[in-house]
Amino acid sequence: MSRLLQGDVGSGKTIVALLSMITAAEAGVQSVLMAPTDILARQHFDKISKLCTPLGISVGLLTAREKGKNRAQTLENLANGTIQILIGTHALLTETVVFHKLGLVIIDEQHKFGVHQRLALVKKEQGVNLLVMTATPIPRSLALTVYGDMDVSRLDEKPSGRKPIETSVMPTEKIPE
């Protein structure tokens with residue numbers, strides 16, 4: 001698979017990614033989710049580990065902030081297959097990150113990564129599926145789909161019960177509020 005998943009913020013892209021990672025874990029392969037910032041990676045880790053741990057699926061976190069024994073243990077657990085889902089940032093691109101059996105790579109906010117960065121994870125193992133997600137498609141992504149390198153899936157409906165987004169301009173005097 002080489003697929004672009006496009007949808008507005010809050011449309012459900014992360015749920016699609018989670019279900020894909022659970023399916024991969026059930027099939028006996030590892031998944032990795034790369035986010036562009038430490039904060040977003042940690043948010044994904046918190047949400048996904050809360051949902052996956054009760055299912056018996058192990059989730060790990062690897063960012064530049066993980067150092068020393070914690071980082072070494074994460075890398076060891078990844079290499080021996082104990083970690084089924086790894087979530088991280090650019091730190092995932094280093095040569096020290098070795099998977100036991102990688103089957104699925106998911107890139108969140110794909111437009112914030114270069115082409116070579118996106119492909120670096122896929123090249124860590126043969127036959128890896130790639131899912132890239134974006135809320136703001138860019139010309140490069142559209143070109144990839146036009147030339148057939150990626151299939152496109154669109155989430156064009158909002159989840160039920162979602163409150164409407166309100167955008168407004170506020171005067172600078174209201175900043176403290």
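Here are a few worked exercises on the predicted model shown above.

**Exercise 1. How many helices and strands does the chain have, and what pattern do they follow along the sequence?**

Solution. Start by counting elements: the chain comes to five helices and seven strands. Next, walk along the sequence, and you get β-α-β-α-β-α-β-β-α-β-α-β.

**Exercise 2. What do burial, contacts and surface look like for the chain as a whole?**

Solution. Burial goes first: out of 177 residues, 40% count as buried. Then take the contacts between residues at least 6 apart in sequence; 74% of these join residues at least 24 apart. Finish with the outside, where the accessible surface is about 10300 Å², with 57% of it belonging to carbon and sulfur atoms.

**Exercise 3. Check the end-to-end span of helix 1 and helix 2 against what their residue counts predict.**

Solution. Helix 1 has 14 residues, and the expected span takes 1.5 Å times one less than the number of residues. That gives 20 Å for helix 1, and its end C-alpha atoms are indeed 20 Å apart, so the two agree. Now do helix 2: its 15 residues should span 21 Å, and the end C-alpha atoms sit 20 Å apart, which agrees as well. While you're at helix 1, look just past its end: G28 has a positive phi of about 90 degrees.

**Exercise 4. Which residues of helix 1 and helix 2 are buried, and what covers those of helix 2?**

Solution. Take helix 1 to begin with: K13, A17, L18, M21, I22, A24 and A25 are buried. To read such a list, recall that an α-helix has 3.6 residues a turn, so residues three or four places apart point the same way. With that in mind, A17 and M21 are both on the buried list of helix 1. For helix 2, the buried set is D38, L40, A41, R42, H44, I48, S49 and C52. Their cover includes helix 1, strand 2 (30-34), strand 3 (59-62) and strand 4 (85-88).

**Exercise 5. Is A41 buried or exposed, and which residues does A41 touch?**

Solution. Locate A41 in helix 2. Its relative accessible area is 0%; the cut-off for buried is under 20%, so A41 is buried. Leaving out residues up to four places away in sequence, A41 touches A35, L61, T63, I87, G88 and T89. Pick T63 from that list: T63 is 22 residues from A41 along the chain, yet their C-alpha atoms are 7.9 Å apart.

**Exercise 6. Where is I106, and which residues does I106 touch?**

Solution. You'll find I106 in strand 5 (residues 102-107). With a relative accessible area of 0%, I106 is buried. Skipping residues up to four places away in sequence, I106 touches A17, M21, V32, L33, M34, L131 and M133. Two of these, A17 and M21, are among the buried residues of helix 1. As for distance along the chain, I106 and S20 are 86 residues apart, while their C-alpha atoms are separated by 9.2 Å.

**Exercise 7. Which residues lie nearest the centre of the largest pocket, and what is its lining made of?**

Solution. Get the volume: about 460 Å³ for the largest pocket. Its lining has 20 residues, with G10, T14, H44, K47 and D108 nearest the centre. The elements giving two or more residues to that lining are helix 1 (13-26) and helix 2 (38-52). Helix 2 supplies the largest share, six residues. Sorted by type, the lining has eight nonpolar, seven polar and five charged residues. One last link: H44 of helix 2, which is buried, is among the residues nearest the pocket's centre.

How values were computed
Residues numbered from 1 in each chain as written. Predicted model: local features only at pLDDT ≥ 70, side-chain atom pairs only at ≥ 80, totals over all residues. Heavy atoms only, no water. Helix = DSSP H or I, 4+ residues; strand = E, 2+ residues; numbered from the N terminus. Buried < 20%, exposed > 50% of the residue type's maximum accessible area, 1.4 Å probe, protein only. Contact = heavy atoms within 4.5 Å. Areas by Shrake-Rupley, 256 points an atom, 1.4 Å probe, with all protein chains shown as cover. 1 Å grid on protein atoms, 1.4 Å probe; cavity = no way out; pocket = protein on both sides within 12 Å on 5 of 7 lines; lining within 4 Å. Points joined across faces, edges and corners; volume = space filled by probe spheres on them. Nonpolar A, V, L, I, M, F, W, Y, C, P; charged D, E, K, R; others polar.
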